[in-house]
Each structure stands twice: as C-alpha cells, then as structure tokens.
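Visitor: Please show me the model, and then take my questions about it in turn.

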Amino acid sequence: MKPYQFCLSCNKELEGRSDKKFCDAYCKSAYHYNKSRDDTGSFYLKVDRQLKLNRKILKKFNKAGKATVRSKVLLSQGFNPNFFTHYWKNSSGDVYLFVYEYGFLSRLENGKKKYILVTWQPYMEKSLL
C-alpha cells in the first residue's frame, strides 16, 4: 500500500514509485513554496518582508527627496507605518520614522491624514550622536 496515493500539491493520482509524494517538480516546488509562505513560526521573515515592501513604496512615491502623499494612497499599496528601522527627531521636535534611507512623518492637513516623505541626509547623522 502506498503512503501517498495523491499528489500533495494538486491531488492528482500518483503513478510510479511507492514513496512518491508529488506528480512533478512543479508541484513539489509549489507545495514547499506555499508551505514556507504560510509558516506562522517565521516572525523574522514577516517583518523583513514588510520592511522591504514599505521601503519599495516609500521609494516609489519619493523620487525628488521630499514629497507629500495622502496616507490612504500608501496604505492601499500595502504600506504599514508600524514597521520602520529607526527614527530621527528634527529641531522642531517632529519625529520622522525611517525604513532604511526613506523616512515619513504623519501629518493632518485640511482634515486629511498625509505623510511627508523624506530621504536620509548626512546632517541627520549628527543628531543621532
């Protein structure tokens, strides 16, 4: 009796070796990819994935080094402001949150929540010391 009678990925009936688990290499790869993606024990990967997505979104909307964008635009792209790598406080007391070299500051302007986007500058390093 075969331990696996159907492909673990697509449920197609298996033919061949008695210990076969997948019908082909594609199904084997798809199964392991989906299993690793759904793995709830991988907190580090989830944080890393969100940081990379946040950076990509901030980079996309901040081509000139400084920009203002409505928060709903960033959030609709998958941006999560709770994930950032560091922060910088300016002389006015505003705290910019950064995702690597791209920073953002939440503001309420004309009743709408917006983000002011900036790019890390060398003078910001001096205030960290």
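What follows is a set of questions and answers on a predicted model.

Visitor: In what order do the strands of the open sheet lie?

Guide: The open sheet has 5 strands, and their pairing is antiparallel. From one strand to the next, the twist averages 30 degrees. The order is β1-β5-β4-β3-β2.

Visitor: Which strands stand at the edges of the sheet?

Guide: An edge strand has a single partner strand, so one side of that strand is left without a neighbour in the sheet. This applies to β1 and β2 (86-89).

Visitor: Which residue is the bridge partner of Ser106?

Guide: β4 and β5 pair in the antiparallel sense, over 8 bridges. In β5, the residue bridged to Ser106 is Tyr115.

Visitor: How far apart are the end C-alpha atoms of α2, and what span should its 19 residues have?

Guide: The expected span follows from 1.5 Å a residue, which gives 27 Å for the 19 residues of α2. The distance between the end C-alpha atoms agrees with that, at 27 Å.

Visitor: Which element supplies the largest share of the largest nonpolar core?

Guide: The core has 12 residues, among them Leu51, Ile57, Leu58, Val69, Phe104 and Leu117. At least two residues come from each of α2 (43-61), β1 (66-70), β4 (102-109) and β5 (112-119). The largest share is 3 residues, and its source is α2.

Visitor: How many residues are in the second, separate core?

Guide: Trp88, Tyr96, Phe98 and Ile116 are included in this core. Its residue count is 8.

Visitor: What covers the buried residues of α2?

Guide: The buried residues of this helix are Asp48, Gln50, Leu51, Asn54, Ile57 and Leu58. Leaving aside neighbours within four places in sequence, Leu51 is in contact with Phe83, Phe84, Thr85, Val99 and Tyr100. The cover for the buried residues of α2 includes α3 (71-76), β3 (95-99), β4 and β5.

Visitor: Why is there no bond between Cys7 and Cys10, or between Cys23 and Cys27, and how many disulfides does the structure hold?

Guide: A disulfide requires cysteine sulfur atoms within 2.5 Å. The sulfur of Cys7 is 3.8 Å from its closest cysteine sulfur, in Cys10, so the distance is too far for a bond. For Cys23 the closest cysteine sulfur is in Cys27, at 3.5 Å, which is also too far for a bond. The number of disulfides in the structure is 0.

Visitor: Is Cys7 buried or exposed?

Guide: The cut-off for a buried residue is under 20% relative accessible area. Cys7 has a relative accessible area of 1%, so Cys7 is buried.

Terms used:
Residues are numbered from 1 along each chain as its sequence is written. This is a predicted model: local features need pLDDT of at least 70, side-chain atom pairs count only at pLDDT 80 or more; totals for chains, interfaces and linings use all residues. Side-chain values use heavy atoms; hydrogens and water are left out. A nonpolar core is a set of buried Ala, Val, Leu, Ile, Met, Phe, Trp, Tyr and Cys residues joined through side-chain atoms within 4.5 Å. Buried means under 20% relative accessible area, exposed over 50%, partly exposed in between (1.4 Å probe, protein chains only). Helices (H or I, at least four residues) and strands (E, at least two) are DSSP runs, numbered from the N terminus. Contact means heavy atoms within 4.5 Å. Two strands pair if DSSP finds at least two bridges between them. Axes are lines fitted to C-alpha atoms, for helices over the stretch in contact, and angles run from 0 to 180 degrees between N-to-C directions. The expected span of a helix is 1.5 Å times one less than its number of residues.
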